[in-house]
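Here are a few comments for the bench, set out as numbered points. They concern how two helices pack and how the chain is divided.

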Amino acid sequence: MNSIDLLKSLENPELNNPICLSPNFEKDIDKQIDDIAQTNDDEAKQLWICKTIAGIQKNFISAFQNIKTEDYYEGWCLFERCEIDLKFLLRHFTIEENDLHRINFINAMVVRWQKLYPYKFFGSPEFLVKKVTCGICGERITPRSNCGHLIGEIYAGKCCFELVEELEFLGLGIVEKPVQKYSVLFSTDPITNENIDHYDYSTVKFVADRLNSAFHEWDSYATTRVISATELVNLPLEKPCPCVSGKNYGACCAGKSNLTIPHLQICLSQPPKGNFPENELFLL
Ligand SMILES: [Zn+2]
Ligand SMILES: [Zn+2]
């Protein structure tokens with residue numbers, strides 16, 4: 001298939017059995033790129049675009065499936081993969097007005113999912129980079145010399161990256177806005193040394209439970225909600241205070257007649273299927 005037909009076949013990934021999920025799809029394109037890379041640079045670049053779109057669609061769908069099966073960290077990593085690939089793709093691909101490949105949609109939804117995650121701090125490894133080479137020609141890159149290949153540009157169907165070949169580990173910082181979002185901080189079991197996922201994913205789960213497809217749109221809005229005195233009457237004093245101060249209710253807001261608390265409002269574009277509490281109000 002040439003790149004025009006391939007691009008067409010990648011339209012509407014929200015329909016059943018999207019082609020991006022077929023096994024070996026990206027591998028087959030790679031083979032095609034290898035075959036023509038030396039003779040047809042333009043077509044090789046178009047094939048790279050097809051391959052990148054397929055990868056983004058596939059990772060987005062898989063991330064949603066991971067959330068559905070409560071493999072939250074795996075889903076998080078795939079959203080991060082989408083974010084990185086989107087950055088490279090959008091330098092070379094102009095999204096059609098009706099977003100047939102759902103690239104605009106995925107770009108927006110990845111950010112919305114990331115916002116729901118409970119991860120606030122990340123490990124940020126600091127390195128002293130000693131040797132970097134060009135991913136296209138292999139030449140060493142130094143502050144004074146470089147081979148002329150540009151990072152993120154496509155050469156014979158391959159995207160140019162810098163390859164770090166030697167580095168020295170300096171330390172680990174803890175940051176709120178990491179360069180790479182994979183490095184979520186987990187606690188470790190002192191006996192087995194395995195990571196313990198202590199995070200509360202209830203908000204992510206709340207949204208995922210109400211969606212039947214990764215391609216159903218939703219959004220969240222941070223607002224506040226007032227809890228009335230009648231609702232507070234039965235709240236045990238030793239429970240965490242709803243104002244999210246971190247203190248117990250008894251030591252915090254007990255005695256106040258009503259309480260304003262942070263509240264996340266979720267809006268869905270499609271009514272959810274299944275049994276959900278009647279007091280949930282769905283704004284469609
Ligand atoms: Zn180079
Ligand atoms: Zn309080």
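1. A crossing of two helices is called left-handed if the near helix is turned anticlockwise from the far one by less than a right angle, and right-handed if it is turned clockwise. In this predicted model, α3 passes α4 in a left-handed crossing.

2. The helices concerned are α3, residues 41–68, and α4, residues 72–89, whose axes come within 8 Å and cross at roughly 160°. Angles over 145 degrees count as roughly antiparallel, and α3 and α4 are therefore roughly antiparallel to each other.

3. On the side of α3, the contact is made by Ile49, Thr52, Ile53, Gly55, Ile56, Asn59, Phe60, Ser62, Ala63, Asn66 and Ile67. On the side of α4, the contributing residues are Tyr72, Glu74, Gly75, Leu78, Phe79, Arg81, Cys82, Asp85, Leu86, Phe88 and Leu89. Sorted by class, the contact of α3 with α4 holds 13 nonpolar, six polar and three charged residues.

4. As for the wider layout, the chain is divided into domain 1 (3–116), domain 2 (122–196) and domain 3 (218–268). The centres of domain 1 and domain 2, taken over C-alpha atoms, are separated by 22 Å.

5. Which elements give two or more residues to the side of domain 1 that touches domain 2? They are α3 and α4, the helices whose mutual crossing is described above. In total, 15 residues of domain 1 are in contact with eight residues of domain 2, and those on the domain 1 side divide into nine nonpolar, two polar and four charged.

How values were computed. Residues are numbered from 1 along each chain as its sequence is written. Chains are lettered from A and ligands numbered from 1 in the order in which they are written. This is a predicted model: local features need pLDDT of at least 70, side-chain atom pairs count only at pLDDT 80 or more; totals for chains, interfaces and linings use all residues. Axes are lines fitted to C-alpha atoms, for helices over the stretch in contact, and angles run from 0 to 180 degrees between N-to-C directions. Helices (H or I, at least four residues) and strands (E, at least two) are DSSP runs, numbered from the N terminus. Angles under 35 degrees count as roughly parallel, over 145 as roughly antiparallel, 65 to 115 as roughly perpendicular and the rest as oblique. Two residues are in contact if their C-beta atoms, placed from the backbone, lie within 7 Å. Ala, Val, Leu, Ile, Met, Phe, Trp, Tyr, Cys and Pro count as nonpolar, Asp, Glu, Lys and Arg as charged, and the others, Gly among them, as polar. Domain bounds come from an automatic or database domain assignment.
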